[in-house]
Amino acid sequence: MKQVPSAWQGAILVCGKCSKKLDGGFGKKGRTPLAKLLRKILGVGKGRKATLGVVETRCLGLCPRNAVAMIDGRAPGTWLVVPKDADVAELTARLAAGPAPAARNQT
Ligand code: FES
């Protein structure tokens, strides 16, 4: 099996279908998808050279109303539901700091 190195220190999985249902839902005009906004605020790019992978997935089976389902791959035992009007800057700060200690203990 071929192995490819990556700079990722974790992976954030964001439901792309939730984002599509909200027609973006975030940003100044409320039309930016959460994954794109997270990448921008965290200052991480796309692809394997980013320090943190932010990836849009298919439906995660949670399907919250007016919100986006999200999983921090470093704490997969706790899934997040990000409401449409959530403070993304605060969420980004939490992601940049790493998973919460309580969440770490759950895994
Ligand atoms: S549509 Fe996002 S979890 Fe199902």
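Reader: Which residue of β4 does V68 stand opposite?
Author: In this predicted model, V68 stands opposite V82 in β4.

Reader: What makes β3 and β4 count as a pair of strands?
Author: Two strands pair if DSSP finds at least two bridges between them; β3 and β4 are joined over 5 bridges, in the antiparallel sense, so by that rule they pair. The two strands also form a hairpin, with 6 residues between them.

Reader: How do you know that β1 and β3 pair?
Author: The same rule asks for at least two bridges, and β1 (residues 11–15) and β3 (residues 67–72) have 3 bridges in the antiparallel sense, so they too are a pair. Within these strands, V14 stands opposite M70 in β3.

Reader: In what order do the strands of the sheet stand?
Author: The order is β2-β1-β3-β4, and these 4 strands form an open sheet whose pairing is mixed.

Reader: Why is one side of β2 and of β4 left without a neighbour in the sheet?
Author: Because β2 (53–57) and β4 (79–83) stand at the edges, each of them has a single partner strand, and one side of each is therefore left without a neighbour. From one strand to the next, the twist averages 25°.

Reader: Which strands does helix α2 touch as it packs on the sheet?
Author: Helix α2 (residues 34–42) touches β1, β2, β3 and β4, and its direction makes about 175° with that of β2. L34, A35, L37, L38 and R39 are buried in α2, and what covers the buried residues of this helix includes β1, α1, β2, β3, β4 and α3. After α2 comes G43, whose phi is positive, near 75°.

Reader: Which residues have the most contacts inside the largest nonpolar core?
Author: They are I12, V14, F26, L34, L38 and M70, in a core of 21 residues. At least two residues of this core are supplied by each of β1, α2, β3 and α3 (88–97), and the largest share, 4 residues, comes from α2.

Reader: What does F26 touch, not counting residues up to four places away in sequence?
Author: With such residues left out, F26 touches R31, T32, L34, L37, V68, V82, P83, K84 and V88; V68 and V82 in this list are the residues that stand opposite each other in β3 and β4.

Reader: Why is S19 called buried or exposed?
Author: Buried means under 20% relative accessible area, and S19 has 3%, so S19 counts as buried. S19 lies in helix α1, and, leaving out residues up to four places away in sequence, it touches V14, G24, P33, L34, E56 and V68.

Reader: How do you know whether C15 and C18 are buried or exposed?
Author: The limit for buried is again under 20%; C15 has a relative accessible area of 1%, so C15 is buried, and C18, at 4%, is therefore buried as well.

Reader: How many disulfides are counted?
Author: A disulfide requires a pair of cysteine sulfur atoms within 2.5 Å, and by this rule the count comes to 0.

Reader: Where is C63, and is C63 buried, exposed or partly exposed?
Author: C63 is in the loop between β2 and β3. Its relative accessible area is 41%, and since buried means under 20% and exposed over 50%, C63 falls in between and is therefore partly exposed. The phi of C63 is near 45°, a positive value in a residue other than glycine.

Reader: What makes R65 count as exposed?
Author: Exposed means over 50%, and the relative accessibility of R65 is 79%, so R65 meets that condition. R65 lies in the loop between β2 and β3; from C-alpha to C-alpha, R65 and A86 are 13 Å apart in space, while in sequence they are 21 residues apart.

Reader: Why is D23 called partly exposed?
Author: D23 has 45% relative accessibility, which is neither under 20% nor over 50%, so the term for the range in between applies. D23 is found in the loop between α1 (16–21) and α2, and it has a positive phi of about 60° although it is not a glycine.

Reader: Which elements have the lowest and the highest mean pLDDT?
Author: Helix α4 (residues 101–106) has the lowest, 56, and β3 the highest, 97. Over the protein, pLDDT averages 91, and 93% of the residues score at least 70.

Terms used
Residues numbered from 1 in each chain as written. Predicted model: local features only at pLDDT ≥ 70, side-chain atom pairs only at ≥ 80, totals over all residues. Heavy atoms only, no water. Axes fitted to C-alpha atoms, helices over the stretch in contact; angles between N-to-C directions. Contact = heavy atoms within 4.5 Å. Core = buried A, V, L, I, M, F, W, Y, C linked by side-chain atoms within 4.5 Å. Buried < 20%, exposed > 50% of the residue type's maximum accessible area, 1.4 Å probe, protein only. pLDDT = per-residue confidence, 0-100.
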